[in-house]
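Here are a few exercises to work through with the model open. Try each task before you read its solution.

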Amino acid sequence: MDSHGRWRHVHQAVLMTLAFGVLTHALPSCDEASMPQVPSGSGAPRCGLEGRVVLQVLGSGGPIADDGRASSSYLVWHEGRARVLVDVGGGTFLRFGESGARLEDLDAVAISHLHADHAGGLPPLLKSGYFAPRRDPLPLFGPSGNERFPATDDFVKQLLDPEVGAFKYLSGYLDGSSLFPLPVTVVDAEATTPSRILDEGDLAIDAVGVHHGTIPAVGYLVTVAGVRIAFAGDQSADDNAPFVAMAEGADALVMHHAIPEGADQLAHLHATPEQIGETAAQAGPGLLVLGHNMRRALDRRDASEAAIRASFDGPLTIADDLSCYVLAP
Ligand SMILES: [Zn+2]
């Protein structure tokens with residue numbers, strides 16, 4: 001199903017991840033043969049060096065632990081530097097280190113929504129930042145809230161507030177007194193018109209609200225050195241015209257393969273493969289990357305591919321943890 005061409009995987013990382021998945025499911029006991037072989041963080045290959053602008057999938061899975069994949073997280077590399085981190089699901093901490101990325105290189109962190117498999121990896125990453133030689137502010141973007149979800153600034157306060165924060169010992173991020181500042185910008189998840197939330201030099205980030213059931217959620221378009229990468233996040237196919245318009249002609253479009261074709265009872269939360277194909281056909285990306293690959297969907301990947309191919313005939317790939325896609329040589 002993978003499409004090759006000018007996009008290239010780092011095969012070593014992909015094969016490692018496949019081996020990890022197979023071993024995890026075939027040999028659940030903790031004997032020596034079942035121990036996954038993972039690279040150490042130091043000296044790990046940096047896929048960012050593969051090309052000028054590279055999309056790396058840190059976590060290619062969803063919220064279920066025994067799917068054998070880290071939860072959602074993506075890196076946009078530019079000239080060997082990890083510039084933007086999109087989503088910080090569980091497992092980001094480990095995959096970020098394995099990727100060779102450095103916290104001091106990041107220009108922004110953008111969270112699509114506050115489900116744990118998209119935002120729950122933030123505290124451990126911030127703890128790691130305690131040891132990073134960074135002093136510059138790190139802008140953090142995320143959605144507004146509703147009665148069931150905090151707005152992103154409240155989410156960060158609930159984690160870091162010096163009085164009531166769960167991780168108050170990391171409260172230095174709020175005022176920059178002892179740690180680098182973490183300025184939070186709340187993105188209106190109800191917005192139906194894309195807005196530019198960051199515009200600095202060769203980097204721009206646009207955002208627009210997307211439909212993910214009753215959960216406030218946003219989609220992002222990251223533009224680095226003229227290369228445009230659209231991140232759908234979790235979204236159903238409802239009211240997705242603003243996102244499709246924002247993503248039109250992107251060099252890569254990342255969509256989430258969370259449900260198999262025919263799982264219509266979940267379609268209020270996630271796009272079905274058929275709807276992924278229709279969305280991609282409308283947006284016309286240079287490459288369609290499937291992330292958030294849940295086992296229930298992967299078990300029927302042939303049906304997913306057929307459903308997507310009913311509408312979309314461009315390059316298509318299913319990501320694994322640490323997969324890399326070179327978008328500009
Ligand atoms: Zn979600």
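Buried means under 20% relative accessible area, exposed means over 50%, and partly exposed lies in between (1.4 Å probe, protein chains only). This is a predicted model, in which local features need pLDDT of at least 70 and side-chain atom pairs count only at pLDDT 80 or more, while totals for chains, interfaces and linings use all residues. Residues are numbered from 1 along each chain as its sequence is written, and side-chain values use heavy atoms, with hydrogens and water left out.

**Exercise 1.** Work out what share of the chain is buried.

*Solution.* Take the 329 residues of the chain: buried ones make up 56%.

**Exercise 2.** Place arginine 69 and decide: buried or exposed?

*Solution.* Start with the location: arginine 69 sits in the loop between strand E1 (53-59) and strand E2 (73-78). Strands here are DSSP runs of at least two residues (E), helices runs of at least four (H or I), numbered from the N terminus. Next, check the cover: at a relative accessible area of 14%, arginine 69 counts as buried. Then list the contacts (heavy atoms within 4.5 Å). Beyond neighbours within four places in sequence, arginine 69 touches residues including Ser60, Asn293 and Asp320.

**Exercise 3.** Trace the open sheet that contains E7.

*Solution.* First, write the order of its seven strands, E7-E8-E9-E10-E11-E12-E13, with mixed pairing; two strands pair if DSSP finds at least two bridges between them. Now find the edges: E7 (195-200) and E13 (316-318) each pair on one side only. Finally, zoom in on E11 (residues 252-256) and E12 (residues 288-291), which run parallel and share four bridges.
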